[in-house]
Amino acid sequence: MFESFIRVAAATPRVHIGNISENVSEIIEIIEAQRGKTDLLVTPELSLTGYTCADLFTNRNLINNCIEGLGKIAEHTEGIAVLVGMPLEYRGELLNCAVLLNNKKVSGIVPKTYIPNYGEFYEKRWFSGGRRDLEYINFGKFSDIPFGNNVIFNLTYNDKSVKLGVEICEDAWTPVSPGRLLALNGAEIIVNLSASNEVIGKESYRRNLVKMTSSECLCGYVYVSAGRHESTQDLVFGGHNIICENGKILGETKLFTEEVLVNDINLTKIRHDRIANKSFSDCRNTFADRKYEEIKVPVSFMKKTDLYSHVSMTPFVPNNNLLERSLSIFNMQVAGLMRRIETTRCKCIVVGVSGGLDSTLALLVSAAAVKRLNLSPKMVVGITMPGFGTTKRTKNNSTQLMKILGCDIREINIVDSVRQHFKDIGQKESDHDITYENCQARERTQILMDVSNKEGGFVIGTGDLSELALGWCTYNGDHMSMYGVNASIPKTLVRTLVDYVGHYMADNGFDGLNKVIEDIILTPVSPELLPPNPDGTIAQKTEDTVGSYILHDFYLYYTLRFGMTPEEIYDLCRVAVKNSKEYNFNDEEIKKWLNVFYTRFFRQQFKRDCMPDGVKVGTVSVSPRGDLRMPSEVEMEEYLI
């Protein structure tokens with residue numbers, strides 16, 4: 001379980017400047033505390049001595065004690081990989097090095113490439129830098145140790161592996177950093193042993209640097225910096241540790257604290273994005289002037305039954321700044337529609353309004369688009385089309401919504417026309433089968449299309465991404481429109497947008513919108529194609545048939561965004577449920593609806609192959625012209641669990 005995750009710990013031990021024995025004890029204490037809890041432990045630059053030793057670095061006693069101290073730390077690395085920083089004398093030069101320890105031995109040494117000698121930095125007084133190609137060296141009691149800064153460590157465990165690249169502090173701040181070159185040559189995790197001092201604004205700059213490097217290199221990035229116990233003679237160090245994954249910060253420490261930062265990096269995400277991003281591999285050819293060597297390092301990674309990483313049950317929904325993010329998404333929808341209105345020079349846009357979430361969002365987008373184009377709100381023709389399953393609640397909400405937005409309101413009852421169609425094709429009205437439902441959906445689409453022709457307009461599609469993924473739409477019914485404003489908005493996000501955007505619009509010129517929006521949000525998701533309950537409430541609830549949209553959107557996100565296996569998605573979903581206070585799905589439900597998802601997702605591709613235009617607003621889309629090119633005959637049996 002979770003073998004595609006590597007658990008990393010970024011630790012800044014209390015440093016005793018120049019006191020190797022005490023530093024060894026501090027590092028060993030952290031190792032013992034993390035044993036069985038962490039795969040890889042990373043400490044700061046020169047953690048064995050302290051970064052601020054200055055001229056003491058060239059003292060023979062310090063150099064010799066480092067080698068002895070390293071051996072003591074190595075004895076405590078059974079079952080855990082550890083990176084420590086230390087000075088190393090080699091061929092008459094002193095090098096600032098990162099040392100990889102594992103299973104009581106030294107598995108490799110990486111010297112710092114770029115030595116800063118400007119501003120407050122004076123490292124060239126003591127250390128040498130530059131390119132150093134792989135060789136095998138002996139020092140102390142250790143022999144045949146891989147040494148070089150063109151080294152990638154292939155950490156192998158069970159039948160899995162992860163490729164690790166190492167850079168040191170200043171290396172990350174250069175125009176073409178060693179970490180970037182290591183990533184281009186296969187390193188999936190970059191670790192940076194650093195000693196970055198604090199000045200005003202540097203914390204934010206450093207965070208953005210690490211985040212952007214992780215994003216551009218499509219890698220995990222572990223940044224570990226020296227802390228507050230370094231000398232404050234001229235500088236202060238904050239111990240700012242950061243763990244990133246593909247540009248997303250998984251965790252970071254606050255300045256001047258001493259917590260050990262632990263998180264799980266998902267290798268599947270990294271590998272998926274590297275395969276998908278062809279520019280990443282193209283860059284490798286640009287920087288192909290140097291050969292990088294892989295060193296195989298057998299490791300004993302822990303078995304994980306849970307994750308440190310936060311896994312949200314609603315990955316499509318922003319986890320912060322909800323109003324700002326919702327308005328940003330909404331504005332993209334509106335901009336797409338505005339451009340289509342300008343291009344077609346239409347006289348109106350036609351929206352079928354049901355009183356449900358999807359048509360509400362489509363109507364809000366339409367009203368905002370015509371307003372920003374300084375056109376009359378009556379240009380939006382809203383049509384409510386009550387049928388056999390329409391309830392008083394949804395009909396009233398749809399009418400009230402259109403009235404507040406100032407639409408051209410029309411009501412066209414479909415009951416008589418559908419009954420005539422039943423008669424024409426020999427369908428019994430008492431037979432509530434798929435034909436009974438789809439006849440109503442297609443009648444509504446016919447009305448919308450014909451009204452748009454009559455009025456010189458075009459039809460706005462209301463169907464969302466989740467419905468398209470599951471094929472929960474009637475082919476050539478609600479499946480069809482002339483522009484689908486919700487085509488890349490999943491159901492879980494639709495609800496959030498209606499909530500936040502609806503209330504924002506209520507506070508900005510659309511008085512009275514709050515109340516109707518609140519009731520629409522509370523209305524069960526339903527196509528209302530089957531007769532209501534005797535008390536007039538909705539009888540047909542979509543999620544009773546296809547399953548929870550919370551689950552399906554979760555499955556959709558990790559299937560399309562990261563290409564995860566069914567087993568990985570199942571395990572992730574269990575973690576998300578466990579961490580959730582709101583949702584409570586058991587293992588059997590997760591598995592059942594995951595199989596339903598794959599069955600419907602693959603079998604309904606033919607509907608997506610001819611879906612209308614619609615703007616993409618997020619990282620997941622099912623448009624056949626953009627993000628999802630897939631045959632309609634995929635056999636899904638191997639995806640079922």
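A contact, as the term is used throughout this tour, means heavy atoms within 4.5 Å. The model is a predicted one, in which local features need pLDDT of at least 70 and side-chain atom pairs count only at pLDDT 80 or more, while totals for chains, interfaces and linings use all residues. Residues are numbered from 1 along each chain as its sequence is written, and side-chain values use heavy atoms, with hydrogens and water left out.

**The whole chain**

Begin with the C-alpha trace, which spans about 100 × 50 × 45 Å along its principal axes. Colouring by secondary structure should display 19 helices and 20 strands; helices (H or I, at least four residues) and strands (E, at least two) are DSSP runs, numbered from the N terminus. Of the 641 residues, 57% count as buried. Buried means under 20% relative accessible area, exposed over 50%, and partly exposed in between (1.4 Å probe, protein chains only). A surface view covers about 27,200 Å² of exposed area, 48% of it supplied by carbon and sulfur atoms; accessible areas come from the Shrake-Rupley method with a 1.4 Å probe, and for residues only the protein chains shown count as cover. Among contacts with a separation of 6 or more, residues 24 or more positions apart account for 73%.

**Helix H7 and its surroundings**

Select residues 322-344, which form helix H7. This helix has 23 residues and reaches 33 Å from its first C-alpha to its last, close to the 33 Å expected at 1.5 Å a residue; the expected span is 1.5 Å times one less than the number of residues. Just ahead, in the loop between E15 and H7, is Asn321, whose phi is near 45°, a positive value in a residue other than glycine. Just after H7, Arg345 also takes a positive phi, of about 55°.

Next, show the side chains of the buried H7 residues, among them Phe330, Val334, Leu337 and Ile341. The buried residues of this helix pack against strand E16 (348-352), helix H8 (357-372), strand E19 (457-461), strand E20 (483-484) and helix H13 (491-506).

Centre the view on Ile341. Which residues does Ile341 touch, not counting residues up to four places away in sequence? They are Cys346, Ile349, Ala369, Val370, Leu373, Leu375, Met379 and Phe458.

**The nonpolar cores**

In soluble globular proteins, nonpolar side chains tend to be buried together. A nonpolar core is here a set of buried Ala, Val, Leu, Ile, Met, Phe, Trp, Tyr and Cys residues joined through side-chain atoms within 4.5 Å. Select Leu337, Ile341, Leu513 and Tyr555, which touch the most other members of the largest core, a set of 110 residues. Helix H8 provides the largest share of this core, 10 residues. A second, separate core of 46 residues includes Ala9, Ile31, Ile80 and Phe139.

**Salt bridges**

Side chains of opposite charge can pair when their charged atoms come close. With a salt bridge taken as a side-chain nitrogen of Lys or Arg within 4 Å of a carboxyl oxygen of Asp or Glu, the count comes to 35.

Select Lys112 and Glu123, whose closest N and O atoms are 3.0 Å apart in a salt bridge. Both residues lie in the loop between strand E5 (105-111) and strand E6 (135-139), so the pair ties together parts that are 11 residues apart in sequence. Are Lys112 and Glu123 buried or exposed? Both are buried.

Move to Asp133 and Arg290, a salt bridge with its closest N and O atoms 2.9 Å apart. This pair links distant parts of the chain, 157 residues apart: Asp133 is in the loop between E5 and E6, and Arg290 in the loop between helix H6 (278-286) and strand E15 (293-298). Asp133 is partly exposed, with a relative accessible area of 47%, whereas Arg290 counts as buried at 11%.

Asp408 and Arg410 form a further salt bridge, with the closest N and O atoms 3.1 Å apart. Arg410 is partly exposed, with a relative accessible area of 23%. Elsewhere, salt bridges that share partners join Asp358, Asp464, Glu467 and Lys491 into one network.

**Final stops**

Select Arg91, in the loop between strand E3 (81-90) and strand E4 (93-102). The phi of Arg91 is near 50°, and the residue counts as exposed at 66% relative accessibility.

Finish at Lys392 in helix H9 (residues 392-405). Lys392 is exposed, with a relative accessible area of 65%.
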